[in-house]
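Dear colleague,

Please find below the structure that I am handing over to you, together with its sequence. A summary of the findings follows it.

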Amino acid sequence: MNNETVLVLDFGGQYNQLIARRVREAGVYSVVKSYKTPLAEIQEAGYKGIIFTGGPNSVYDEASPHYPKEILSLGVPVLGICYGAQLMAWMLGGQVVSAEREYGSTTASVDAGSALFRGLDAEQQCWMSHTDCIAAPPEGFRITAATPHCPCAAMENEEKKLYAVQFHPEVNHTTRGAEMLRHFLFDVCGCKGDWQMSSFVEDSVAKIREQIGSRRVLCALSGGVDSSVAAVMVAKAVGRQLTCIFVDHGLLRKDEGDMVEKMFTENYDIHFIRVNAQDRFLGKLAGVSDPEAKRKIIGEEFIRVFEDEANKLGEIDYLVQGTIYPDVIESGSDKAAVIKSHHNVGGLPERMNLRLCEPLRDLFKDEVRRAGLELGLPYDMVWRQPFPGPGLAVRCIGAVTRERLDILREADAIFREEVAKAGLERDISQYFAVITDMRSVGVMGDSRTYDYTIALRAVTTTDFMTADWARIPLDILAAVSNRIVNEVQGVNRVVYDITSKPPATIEWE
Ligand code: XMP
């Protein structure tokens, strides 16, 4: 490890990655590891501090995740959060009891004499989400915060550097939570804060240069944030030894293919290949309306097109992948069910005998964006909203035809233009148009029309696992609707999707 590092030991809570991100925001590198990680491995790694996350269980459940209590006597400071706090109490002989479920904001009285709460007011707004709570701390601990429901909302053993909080300092609802975490990192663990994006980028470029040497590298460019940042980082390191293959499957948004091509060819000295494979993809998709079948076809075809191109290039050694840290984390909780199959170029490296170059595998999404800016990528590209690999095919409900794709592209472009004009781009996480397979009767001038319905979808979310529909002001929706029915032939009705996720998903297919 080059940087001082804090371990987030994952007991399956919902905020695990958020804790790790908060630590990094404070300038300290963090890693998330499962509670199944052996003690010897943790000991060897030389962490500056350890944070136990929350988790959904009770410490008394046999099946709930536990950990050998020797971790508390390594001399490494530990902060337990929620379940992690209860676990620490339980491991050391304190008393944990089942209480009434407490969920939401509450006021805690905190002891400013504690390192965690130094300099803070005696009353702190905290976010609670728990059932069990600590009734009596273990010997040697003192209580440092309490709420009306929870007599031991925080406890500590200063000498042993063991700290625990029942509430969640990592969520914004705990208004001074970031400071509490900083106190733990800097005052208790003695971190200096050496995690800086500028030095990460510099180090990564140097490492890639060393890894690749004089060999050749291939990158499948989708135009998305991750693959673009990864490609640019590799381009900085090895220049024309990098070949980027950009497969235009004909399912991109309006002008998108041209924009990606222009950005890369004008700004970087790399070998850029754009494959115009629209006919190939549309041919395969003809008559297919099942969403999963569409995804499968596009995923397979993508790999085939990519392989065909790569085979023309001769000897290649490395494949760049835009894998990011959330893909790498082996979570303490069970894997979430696969609701929609996402495609990438996963099968390729073995088939083509390629080694992987994954320059972003240590970064969270927000850090990828910062790395992108550091590398000089344009702001719009770095803040580009997510776009599914199967592209507009999953926004074309039912059959995917050239005519319907054109209608969708125009409607989508209008929606995006109006959102940008209203200055809402950064407030909405993802927004797009969908062409439904429904046609309905309308009237235009004196004539009857029988045309498609366009649905507008816009959501706010932090993690894309859950999402709320965006409250776009009605006059902006009115302007979008008006423009779409007037400017896009084949559409006579526009609806706005007001469903959150769950129960709906963000995409319609
Ligand atoms: P859903 O629709 O599952 O989407 O709520 C969550 C996020 O994932 C994106 N998405 C995909 N991305 N391939 C991708 O690369 C896919 O097949 C795919 N399906 C959904 C979606 O746009 C949203 O950001």
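The structure holds 33 salt bridges. Please keep in mind throughout that this is a predicted model. As general background, side chains of opposite charge can pair when their charged atoms come close. Three of the pairs are described here individually.

The side chains of Arg274 and Asp248 form a salt bridge, with an N to O distance of 2.9 Å. Because Arg274 belongs to strand 12 (residues 271-276) and Asp248 to strand 11 (residues 242-248), this pair ties together parts that are 26 residues apart in sequence. Asp248 has a relative accessibility of 6%, so this residue counts as buried.

A salt bridge also links the side chains of Glu358 and Arg361, at 2.7 Å from N to O. Here Arg361 counts as partly exposed, at 33% relative accessibility.

The third pair consists of Arg395 and Glu507, whose side chains meet in a salt bridge of 2.8 Å, N to O. Arg395 is located in the loop between helix 13 (379-382) and helix 14 (402-421), while Glu507 is in the segment after strand 18 (491-496); the pair therefore ties together parts that are 112 residues apart in sequence. Is Arg395 buried or exposed? With a relative accessible area of 1%, Arg395 is buried. Glu507 is buried as well, its relative accessible area being 10%. In addition, salt bridges with shared partners join Glu417, Glu418, Lys421, Arg483 and Glu487 into one network.

I turn next to the packing of two helices. The axes of helix 5 (residues 197-212) and helix 12 (residues 365-374) come within 9 Å and cross at roughly 75 degrees. Angles of 65 to 115 degrees count as roughly perpendicular, and helix 5 is therefore roughly perpendicular to helix 12. Which residues meet in this contact? From helix 5 they are Met197, Ser198 and Val201, and from helix 12 they are Glu367, Arg370, Ala371 and Glu374. By character, the residues of this contact divide into three nonpolar, one polar and three charged.

Some details of the backbone also deserve mention. As a general rule, most residues other than glycine have a negative phi, and most peptide bonds are trans. The following residues are noted against that background.

Where are cis peptide bonds found? One is the bond from Lys501 to Pro502, with omega near -15 degrees. Another joins Pro502 and Pro503, with omega at about 10 degrees. Pro502 is situated in the segment after strand 18, and Pro503 lies in that segment too. Glu507, described above as a partner of Arg395, is likewise placed in the segment after strand 18.

Positive phi values occur at Lys161 and Asp255. Lys161, a residue other than glycine, has a phi near 60 degrees. Lys161 sits in the loop between strand 8 (154-157) and strand 9 (162-165), and its relative accessible area of 36% makes this residue partly exposed. Asp255 is not a glycine either, yet its phi is positive, at about 65 degrees. The loop between strand 11 and helix 7 (256-267) contains Asp255. This residue, Asp255, is partly exposed, with a relative accessible area of 47%. Strand 11, which borders that loop, also holds Asp248, the partner of Arg274 in the salt bridge described earlier.

With kind regards

Technical notes
Residues numbered from 1 in each chain as written. Predicted model: local features only at pLDDT ≥ 70, side-chain atom pairs only at ≥ 80, totals over all residues. Heavy atoms only, no water. Axes fitted to C-alpha atoms, helices over the stretch in contact; angles between N-to-C directions. Helix = DSSP H or I, 4+ residues; strand = E, 2+ residues; numbered from the N terminus. Parallel < 35°, antiparallel > 145°, perpendicular 65-115°, else oblique. Contact = heavy atoms within 4.5 Å. Nonpolar A, V, L, I, M, F, W, Y, C, P; charged D, E, K, R; others polar. Salt bridge = Lys/Arg side-chain N within 4 Å of Asp/Glu carboxyl O. Buried < 20%, exposed > 50% of the residue type's maximum accessible area, 1.4 Å probe, protein only.
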